[in-house]
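Trainee: I'm new to this one. Could you walk me through it and tell me what the terms rest on?

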Amino acid sequence: MAVSLKKGQGVSLRKEENDLSKVTIGLGWDVAEEKKGFLGKLFSGPAEEFDLDAIAILLGPKGNIQHLGKDENGQPSIAGSDVIFFNSLKHPSGAIWLTGDNRTGDGDGDDEQIIVKLDQIPAIYERIVFIVAIYQGRERKQHFGRISNAFIRAVDAKNKEVCRYDVSVDSSFNNRSALTFAEFVREGANWSFKAIGTPLDSDNLMEIIRPYLFDPT
């Protein structure tokens, strides 16, 4: 039975108990229905679409990104870097990738998945942070206060759900268009999974990753 986590809790993922050769991080959510009166329902248009994007960031021992990519002019770029997102789906190591972009969140089960080969993550990385941002959330006035049933789960290579974190949305999520769901943390030869559930102010990718770009020392 999967371990159910609350915000701030973590669980060790031991190789002896779980097949970590390929771990699927599943993220899901629903758009909460707005409460409308009879006339509101009668004259309202089609349901509003939310485009949520999953992001994974690989971090070194000091909590910062280790490698940036380069664009066609040789300038630093987040494409091909330690940031996995919709325009750069696979890490250069080949050990972690995003399966694709679900633009609506419709249906049951995982809305987006990130595949992680934990036993192949290069030793320079100590953490992997998982974030979801609402594309153009600020501009469209879309935020996590309008999202329900948000969750993140880890499933091992034998399709066993190891742990799950169901995010409890409260008023602090209003007007916040991104959310740090959880992270993997290296613990010697093993890894742990920690539930975070912290909303972020910005939906802009560069603003989201900026705290991780520089060596804090």
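Trainee: Which residues lie nearest the centre of the second largest pocket?

Mentor: Phe-86, Tyr-135, Asp-203, Asn-204 and Leu-205, out of 13 residues in the lining. Keep in mind that this is a predicted model, where local features need pLDDT of at least 70, side-chain atom pairs count only at pLDDT 80 or more, and totals for chains, interfaces and linings use all residues. Residues are numbered from 1 along each chain as its sequence is written, and side-chain values use heavy atoms, leaving out hydrogens and water.

Trainee: What makes a residue count as lining that pocket, and which element gives the most?

Mentor: A lining residue has an atom within 4 Å of a point of the pocket, which is an open set on a 1 Å grid over the protein atoms alone, with protein on both sides within 12 Å along at least five of seven lines. β4 gives the most, with 3 residues.

Trainee: Why is strand β9 called largely enclosed?

Mentor: Buried means under 20% relative accessible area (1.4 Å probe, protein chains only). In β9, residues 112–116, 4 of the 5 residues are buried, so the rest of the structure largely encloses this strand.

Trainee: How do you know that β3 and β8 pair with β9?

Mentor: Strands (DSSP runs of E, at least two residues) are numbered from the N terminus, and two of them pair if DSSP finds at least two bridges between them. β3 has 5 bridges to β9, running antiparallel, and β8 has 3, also antiparallel; so by that definition both pair with β9. Leu-27 stands opposite Glu-112, while Leu-98 stands opposite Ile-114.

Notes: Buried < 20%, exposed > 50% of the residue type's maximum accessible area, 1.4 Å probe, protein only. Helix = DSSP H or I, 4+ residues; strand = E, 2+ residues; numbered from the N terminus. 1 Å grid on protein atoms, 1.4 Å probe; cavity = no way out; pocket = protein on both sides within 12 Å on 5 of 7 lines; lining within 4 Å.
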